[in-house]
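Work through the exercises below with the sequence and the structure open. Try each task before reading its solution.

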Amino acid sequence: MANRRLILFLVFVVAGVVGVASGLFGIGGGVLLVPLLVLLFGFPQHTAQGTSLAALVAPVSLLAFVNYANAHEVSWTVGLLIMPGVFVGGLLGGKLAHKISPRRMRQAFAVFLFVLGVWQIASAWMLHPNAPH
Amino acid sequence: MYYAGVVVMGLVVGVLVGLAGIGGGVVLVPAMVYLLGMDQHMAQGTSLFLQLPPLGLGAMLTYWRNGNVDIWAGVMCAAGFFFGGYFGSKIAIQMDSRDLKGAFGSFLILAAILLWWRSRPQPLEKKSNG
């Protein structure tokens, strides 16, 4: 694998771009990273998901989080209250996923995100153009 | 009552996360904005805060046991995320809250398209299952 180093460098660059989106929108980044590893680098689907999860085990959003915290844009109480729910819910959902076609589930989720995105754009720029926020 | 609602909301989002195999932030940010009436910046900062602990560790270990983790690519991704996130958050903080909300909506649509794409049956997936 003579190209291995080059590929790893390119993965770093792509992850850097995804990281900008991650800090910009306060999200984990796996939602972009997994499809990009598959489409750009030809990772098998399972390896892309496993690699993305491995990267996110490290507190990668630390620098972004510190910037938000310095700007007083973190609600500590709500954050702490949501953590256990997401953890337990994630375990339940993971078990449930074996009983439902994951493909159908992802498609339903994609439609859900699409509708949510349209709603966010509408409520930000169209519905109340002069509302103070 | 409010706090009980927050815990239940986390649970529901968690189930969704486990089902779809996707990070929680993309759902949690709109949930905090619309259900808790939080400001867009505050919701994003809180989302980053609650993703600091390795919530996906258990899931990652199951992939690891099946040999589905490219560890060096993972390290490179983590490094890219770390520095990229610094610049992204700098841009976000100086943006107007409403523009940020609209940009987030655009991002959700992009994520939805990528997710739909990924949900097509893939030959590699079939091979590893068979």
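**Exercise 1. A residue in a helix of chain A**

Task: Find the helix that holds N67(A), decide whether this residue is buried or exposed, and list what it touches.

Solution.
- Step 1. N67(A) sits in helix α4 of chain A. The model is a predicted one.
- Step 2. The relative accessible area of N67(A) is 9%. Buried means under 20%, so N67(A) is buried.
- Step 3. Set aside residues up to four places away in sequence. N67(A) then touches Y86(B), S89(B), K90(B) and I93(B).

**Exercise 2. From N67(A) to V57(A)**

Task: Place V57(A), give its C-alpha separation from N67(A), and name its contacts.

Solution.
- Step 1. V57(A) belongs to helix α3 of chain A, residues 45-57.
- Step 2. V57(A) and N67(A) are ten residues apart along the chain. Their C-alpha atoms are separated by 20 Å.
- Step 3. Leave out neighbours within four places in sequence. V57(A) is then in contact with P54(B), L57(B) and M60(B).

**Exercise 3. A glycine and a histidine in chain A**

Task: Describe the setting of G30(A), then that of H72(A).

Solution.
- Step 1. G30(A) lies in helix α2 of chain A, residues 30-41.
- Step 2. With a relative accessible area of 12%, G30(A) is buried.
- Step 3. Beyond its neighbours within four places in sequence, G30(A) is in contact with P35(A), S52(A) and L56(A).
- Step 4. R106(A) is 76 residues from G30(A) along the chain. The two C-alpha atoms are separated by 14 Å.
- Step 5. H72(A) is in the loop between α4 (62-70) and α5 of chain A. Its relative accessible area is 66%. Exposed means over 50%, so H72(A) is exposed.
- Step 6. Check the backbone of H72(A). Phi is positive, about 55°, although H72(A) is not a glycine.

**Exercise 4. A helix pair across the chains**

Task: How do helix α5 of chain A and helix α1 of chain B pack?

Solution.
- Step 1. Two values are needed: packed helices are described by the angle between their axes and the distance between those axes.
- Step 2. Take α5(A), residues 76-97, and α1(B), residues 2-20. The angle is about 35°, and the axes are 5 Å apart.
- Step 3. The contact of α5(A) with α1(B) has 16 nonpolar, nine polar and no charged residues.
- Step 4. The crossing of α5(A) and α1(B) is right-handed.

**Exercise 5. Chain B as a whole**

Task: Summarise the make-up of chain B, its buried share and the sequence range of its contacts.

Solution.
- Step 1. Chain B has seven helices and zero strands. From the N terminus, its elements run α-α-α-α-α-α-α.
- Step 2. Chain B has 130 residues, and 52% of them are buried.
- Step 3. Take the contacts in chain B between residues at least 6 apart in sequence. Of these, 53% join residues at least 24 apart.

**Exercise 6. A buried histidine in chain B**

Task: Locate H41(B) and sort its contacts by chain.

Solution.
- Step 1. H41(B) is found in helix α3 of chain B.
- Step 2. At a relative accessible area of 4%, H41(B) is buried.
- Step 3. Skip neighbours within four places in sequence. From chain A, H41(B) is in contact with Y68(A) and E73(A). From chain B, the contacts are A92(B), I93(B), M95(B), D96(B), S97(B) and L100(B).

**Exercise 7. The second largest pocket**

Task: Give the volume of the second largest pocket, its lining, and the position of L35(B).

Solution.
- Step 1. The volume is about 170 Å³.
- Step 2. From chain A, the lining takes F112(A), L116(A) and W119(A). From chain B, it takes M9(B), V12(B), V13(B), L16(B), V27(B), P30(B), A31(B), Y34(B) and L35(B).
- Step 3. Assign elements. α6 (102-126) of chain A and both α1 and α2 (25-34) of chain B each supply at least two lining residues.
- Step 4. Sort by class. The lining has twelve nonpolar residues, no polar and no charged ones.
- Step 5. L35(B) lies in the loop between α2 and α3 (40-50) of chain B. At 63% relative accessibility, L35(B) counts as exposed.
- Step 6. Not counting residues up to four places away in sequence, L35(B) touches M9(B) and P30(B).
- Step 7. L35(B) and A20(B) are 15 residues apart in sequence. C-alpha to C-alpha, they are 21 Å apart in space.

Technical notes. Residues numbered from 1 in each chain as written. Chains lettered and ligands numbered in written order. Predicted model: local features only at pLDDT ≥ 70, side-chain atom pairs only at ≥ 80, totals over all residues. Heavy atoms only, no water. Axes fitted to C-alpha atoms, helices over the stretch in contact; angles between N-to-C directions. Helix = DSSP H or I, 4+ residues; strand = E, 2+ residues; numbered from the N terminus. Left-handed = near helix turned anticlockwise from the far one by under 90°. Nonpolar A, V, L, I, M, F, W, Y, C, P; charged D, E, K, R; others polar. 1 Å grid on protein atoms, 1.4 Å probe; cavity = no way out; pocket = protein on both sides within 12 Å on 5 of 7 lines; lining within 4 Å. Points joined across faces, edges and corners; volume = space filled by probe spheres on them. Buried < 20%, exposed > 50% of the residue type's maximum accessible area, 1.4 Å probe, protein only. Contact = heavy atoms within 4.5 Å.
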